[in-house]
Amino acid sequence: MKIQELLQQRGKENFSLHDRYLNSQMVRVLKTIGFDRHYVRAEGAYLYDDKDNRYLDLLSGFGVFALGRNHPEIVEALKDVLEAEAPNLVQLDVSLLAGVLAEKLVKLAPPGLNRVFFANSGTETIEAAIKFSRYATGKSKIIFCRGCYHGLSLGSLSATGDDHYKKGFGPLVPDFIEIPFNDLAALEAALAQNDVAAFITEPIQGHGVWIPDDDYLPGAAALARKYGALFIADEVQTGLGRTGKWWAVEHWSVEPDILCMAKALSGGFVPVGALVCKEWIFDKVFNRMDRAVVHGSTFGKNNLAMAAGLATLEVMESGNLIEHAAQAGKTILDRLQPMVDEYECLSEVRGLGMMIALEFTEPKSLSLRLSWKMLEAANKGLFSQMITVPLFRRHRILSQVAGHGMNIVKFIPPLILTESDIEWLVGAVRNVVTDAHRGPIAVWDLGKTLATQAMRFKAGT
């Protein structure tokens, strides 16, 4: 099979194939909002469609493409693995590349984390963290935060604080306790019975980019220790440089018992997740030879994934990408924050490193307030589409709404953005936010756009 020939011959069939064989509702969404492009090439922070239009990718595959797309050093590492014809997934053996990557991750991880488990995704690392916590402590309860997102498999879904993802999939795993994020009193009350295996949290909540108070994560870690629970840091999105440090917990000098990562570790090519934890936890779970395979992942330590992880860490270090992410993110925030005082719909610009949110709120002036209410009555969170849709259609910038029903627009760009990319971003945001303040005219334009696209979809064009 010649893949390049296949891509050329059938390149325009992606939407029809997905509509027929995969998730037709996703096709409907993309066509309704006008995001139905035929991308043919990708490089760095950019996507290119079949008309050779260039798009700035501020979604980066939900944070996967921290190094940008098709990074040549990752490509070369993967070619090396394939050409080496090395034994892979022997299973009754141990992998050299997995050992080398584990060694590297332990050196980079917060102090005290010196054992590694490899999986295929962030969700799988959360499942492992839940299981390890229960076995190591002998307790069953898991505390998680309202508004958090930890994944969609049954255990990680049980620890996800958004009912939009849970509805209809119950009953979920028992003994999961939800508390408010950024609330130490609520956490202590939930821990007080000494029957909790672990408290799990994202250092910064991805759905909304909610940043905790400075005392929250240190206080949470101290409370977990006080009541004999483990502290699990879900760094699947925030880790590996996203916030301008290797790990988001470093901003608060927090040392978790378990840290989960994925997304960026893949280099954008091969799915991989990793859990790093304290040695005593591993020693509890894998405490006898007959328990050596009590938890595992068939493809978790495959050579391609391990090589992608090693090459990703090498590029991050040699290219000083962590420092660049911190500085570039600060520049973006500094240039966007003055708009809060200029536009009444824009209530806050917040973020750390390359994890940035624009929050919109109901305006005070009559005409804008009526427009806001009209959109919210149609669909909660629809105002944010007045930002993301024109960002894409007029300025060729791919972004996302930060969560279901939210009027928060989120940027999680590659860590490699240039000064010209930042100018592109800032200028586009100013343009679309200005336009959104035209009130009823802007609402009408959005409604017309969505209606036109919906009719196109129904007509099959």
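**Reading salt bridges, helix packing and sheets**

Mentor: Let's start with one pair: Glu362 and Lys373 form a salt bridge, with 3.3 Å between their closest N and O atoms. Glu362 sits in the loop between strand E12 (355-360) and helix H16 (366-378), while Lys373 belongs to helix H16, so the bridge ties together parts that are eleven residues apart in sequence. Before we go on, please note that this is a predicted model: local features need pLDDT of at least 70, side-chain atom pairs count only at pLDDT 80 or more, and totals for chains, interfaces and linings use all residues. Residues are numbered from 1 along each chain as its sequence is written, and side-chain values use heavy atoms, leaving out hydrogens and water.

Trainee: What is a salt bridge here, and where do names such as H16 come from?

Mentor: A salt bridge is a side-chain nitrogen of Lys or Arg within 4 Å of a carboxyl oxygen of Asp or Glu. Helices (H or I, at least four residues) and strands (E, at least two) are DSSP runs, numbered from the N terminus.

Trainee: Are Glu362 and Lys373 buried or exposed?

Mentor: Think of relative accessible area as a scale: under 20% is buried, over 50% is exposed, and partly exposed lies in between (1.4 Å probe, protein chains only). Glu362 is partly exposed at 33%, and Lys373 is partly exposed at 43%. Elsewhere, Arg41, Glu43 and Asp52 are joined into one network by salt bridges that share partners.

Trainee: How many salt bridges does the rule give?

Mentor: The count comes to 21 salt bridges. Among them is Lys141 with Asp195, whose closest N and O atoms are 2.8 Å apart. Lys141 lies in strand E5 (residues 141-145) and Asp195 in the loop between helix H10 (184-191) and E7, so this pair links parts that are 54 residues apart in sequence. Lys141 has a relative accessible area of 26% and is partly exposed; Asp195, at 24%, is partly exposed too.

Trainee: Which residue does Arg146 form a salt bridge with?

Mentor: Arg146 pairs with Glu178, their closest N and O atoms being 3.0 Å apart. Since Arg146 is in the loop between E5 and helix H8 (154-158) and Glu178 is in strand E6, the pair ties together parts that are 32 residues apart in sequence. Arg146 is partly exposed at 46%, and so is Glu178 at 32%.

Trainee: Now helices. At what angle do H5 and H13 pack?

Mentor: The general idea is to fit lines to C-alpha atoms as axes, for helices over the stretch in contact, and to take angles from 0 to 180 degrees between N-to-C directions. Helix H5 (residues 72-84) packs against helix H13 (residues 303-318) at about 145°, with the axes 9 Å apart. On the H5 side, the contact (heavy atoms within 4.5 Å) includes Ile74, Leu78 and Val81, and on the H13 side it includes Leu304, Ala308 and Val315.

Trainee: And sheets, how do I read those?

Mentor: Strands of a sheet pair through backbone hydrogen bonds, either parallel or antiparallel. Two strands count as paired if DSSP finds at least two bridges between them. Here, seven strands form an open sheet in the order E4-E10-E9-E8-E7-E5-E6, with mixed pairing. Strand E4 (115-119) and strand E6 (176-179) are at the edges with a single partner strand each, so one side of each has no neighbour in the sheet. On average, neighbouring strands of this sheet are turned by 20° against each other, direction ignored. Helix H6 (residues 96-108) packs on the sheet, touching E4, strand E9 (258-261) and strand E10 (273-277), and its direction makes about 125° with that of E4.

Trainee: How do strands E7 and E8 run?

Mentor: Strand E7 (residues 196-201) and strand E8 (residues 230-234) run parallel and are joined by four bridges. Ile200 stands opposite Ile232 in E8.

Trainee: Where would I look for an antiparallel pair?

Mentor: Look at strand E1 (residues 39-43) and strand E2 (residues 46-49), which run antiparallel with four bridges between them. Ala42 is opposite Leu47 in E2. E1 and E2 form a hairpin with two residues between them, and Gly44 in the turn has a positive phi of about 60°.

Trainee: Which sheet holds E1 and E2?

Mentor: An open sheet of four strands, ordered E1-E2-E3-E13, with mixed pairing. E1 and strand E13 (397-398) stand at the edges with a single partner strand each, so one side of each is left without a neighbour in the sheet. Helix H18 (residues 419-436) packs on the sheet, touching E2, E3 and E13, and its direction makes about 85° with that of E3.
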